[in-house]
Amino acid sequence: MKIYDARYILIGLAIFVALFTLPFWYNMGKAAPAPELKLDTPVIQQMAVKQCVLPKAEMRTGHMQMLNDWRTWVVRDGLRTYVAADGKTYNMSLQKECMNCHSNKTKFCDQCHTYAGLKVGSVPYCWTCHIAPKENQ
Amino acid sequence: MLERALTGDKRYYRWIMFLLVLMGLGFASYLYQFNKGLTITGMSRDVSWGFYIAQFTFLVGVAASAVMVVLPYYLHDVKVFGKITILGEFLAIASVTMCLLFIVVDLGKPMRLLNVLLYPTPNSVLFWDMVVLNGYLFLNLLIGWNVLEAERKGVHYPNWVKPLIYLSIPWAVSIHTVTAFLYAGLPGRHYWLTAIMAARFLASAFASGPALLILLAFLVKKYTKFDPGKEAIDKLSQIITYAMLISLFFVGLEVFTAFYSNIPTHMEALEYLFFGIHGHGRLVPFMWLFLILAIVAVVLLINPKTRKNEKTLKIACLATFFSMWLEKGLGLVIAGFIPNPFNELREYSPTIPELMIALGVWATGIFVLTVLYKIATSVKEETAS
Amino acid sequence: MKTSRRSFLKTGGIAALGLYALPFAGEVLAESDLPKAIHNPNALRGEHWAMVVDMQKCWKQQEQKQCKECLVACHTVHNVPEIDSIKEEIKWIWTNNYENVFPGQTDDFNTQNLLGKPFIALCNHCTNPPCVRVCPTKATFKRAEDGIVMMDFHRCIGCRYCMAGCPYGARSFNFRDPQPYIKTELNMKFPTRERGVVEKCNFCAERLADGLLPACVEACKAGALSFGDLADPNSVVRKIVSSRFTMRRKPELGTQPNVYYIV
């Protein structure tokens, strides 16, 4: 089998492979430390039963979907109280409910988001509108 | 067939490079707008649609004009249009591409573009505009490409193309009817709230589009070995004549309704456009230029001697195209917002970055047109020999 | 098995398309144990929210001292930026002269005493809103339950068709990032908006849900603003509009605005 224009094809192929595998080798050697989530905000410390809206595992995988559902219920349907599986009610508001307990955004939310490579300000861009709580740094 | 766009003479490469430079400048300006927001444009809370949407409105008309050659040729067997239909269809593709690009650069949140598909809203005319514009683009791509490909192979185009061609005829009418409906159904904008908005769109489209097509046909004849045919150009120029006359007649109808009824909200926009109100009159010179060019065009087109003479026909076509561009691309959209709902006069001028982006989009459209025409003319030259 | 390349590609293509059904299969087969979303127990509920603006009371207050309480209250509670540019300003509630708020209803004689007098303008939350009709994504929509014309800032694509559709100039577009321009104290309980979306008065839907009247209504010292449910015969707004003459802006357009003016 004869390859025509072999030089151009092989060079082009090499460039393509390099670009395509960029995500794998770009951060080589720069291992980010595992995220350390701090749950020791004043509000949480004062809670008798330290429990979130959903169990931890569900929150971790599904808080994005939950927030989206909350937004639809609040804005589009006018329903603002969430009834969790155990009957407890919560106010469906990122700023008023979630950040009330988790007022340490940089030590909580940002830990995983930064580790996962989600740039603050672009994805997730919650904070360009939903005002982040002030932290005493 | 795309490879035919990759080879050409020096003039072709220089033209392509020139367009690419303009496209690059436009893209850089767009990045600036993407970064800072639409504050870099001249649009305001009062004139919330400006140059981008005005260009889109004008180009929808140019896109629809392909039907002016497709309808006679395929429905009524007007054989003289045989060679020019592909040029009309490819012009439609380039125009619709520009339309879509102008909409995208105008959006405040372009990354959410897909929301229009994810949350279809049949009561919104904008939703239907998206449907018909993309449908028309798709139709012309399929039809034009397959007909040209079949010609290259020396066979008749496949049978499934025929119903698509028939579909493209009412579809062309739909694209600017729907675009006109964007404006004609808004209760608060009295300049646009007229039943003949869609009719005006059609008339000016059938003048400006074929005028551009004639000019492009002359260019093609000059720079390639493909001649679309003098009879085709003759017939098209007759169509343009009637379309221009009807367009001007429609403008006259608007003037009559506004000024005979003497209703302030009907008169104000026309007063602003042609005379200015309280010293605000940025668009006045443009509107009178539109009238002058339109009359020059009509005079040259009505007289058979000047219409059949190549030189005067070119002047008439340029005058037609620019007068319609001034009326639809500048006058129509902007004047709809002036005066604002509070009867205040807030004017609009595009900014330099805004014009750069618009220039980039035009360059992109002309680039698409050049590439498609290069392919079409190469194929026609080959099959002719 | 003998098959041509063409038919292999056809079958493969259709099979690949079938993979798109996978995510939906998961949803359909999963058990739906939807936790409920309900109204706040202490929310103010209404079917047809409306507002009455008594300009006589407002002007009487202005005579005592220059009053902007309603404007300030609204813009503070909602983190509305103060952009010093007529072209790009954002306003949810503002004042303008009679001849601007009611254009076409002026003449040389019977409205002379009103010319130049300030009137409060805001979104009318029309019963038949053109802005809702034209929005291509339903980012602005009329809530079936209470009639508020709401904005869903998550969905807005910034096409500004709603701004062209509104006959009352009630909507503002975020031409630039608003956050640096918020001059009032940030209300931490309410979000700001982003550049690229359209915004307007929301009849304080979030306050109604907490059992509070709209910020402007509460802030007005002269009691010039009344708010209530037109469908409730005992509401203050219903009593006012059914007992005395009130004006609405551009009634001939058929939008059925829900802000009434006592002049």
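This passage describes the fold of chain A and the contact between chains B and C in a predicted model.

Chain A is a good place to start. Its secondary structure amounts to 6 helices and 2 strands. Read from the N terminus, these elements follow the order α-α-α-α-β-β-α-α, with the strands sitting between the helices of the N-terminal part and those that end the series. The radius of gyration of chain A is 22 Å, well over the 14 Å that the globule rule gives for 137 residues, so the chain is more spread out than a compact globule. The dimensions of the C-alpha trace can be read beside this value: along its principal axes, chain A spans about 75 × 35 × 25 Å. Of the 137 residues in the chain, 12% count as buried. As for the contacts within chain A, among those with a separation of 6 or more, 52% join residues that are 24 or more positions apart.

Attention now turns to chains B and C. Their contact draws 33 residues from chain B and 40 residues from chain C. On the side of chain C that touches chain B, at least two residues each are supplied by the helices α5 (98-101), α6 (130-134) and α7 (161-165), and by the strand β7 (172-173). The largest share of this side belongs to α7(C), which provides 4 residues. Sorted by class, the side of chain C facing this contact holds 19 nonpolar residues, together with 11 polar and 10 charged ones.

Key:
Residues numbered from 1 in each chain as written. Chains lettered and ligands numbered in written order. Predicted model: local features only at pLDDT ≥ 70, side-chain atom pairs only at ≥ 80, totals over all residues. Rg over C-alpha atoms; globule rule 2.2 N^0.38 Å. Buried ≥ 20, exposed ≤ 12 C-beta atoms within 10 Å, placed from the backbone. Contact = placed C-beta atoms within 7 Å. Nonpolar A, V, L, I, M, F, W, Y, C, P; charged D, E, K, R; others polar.
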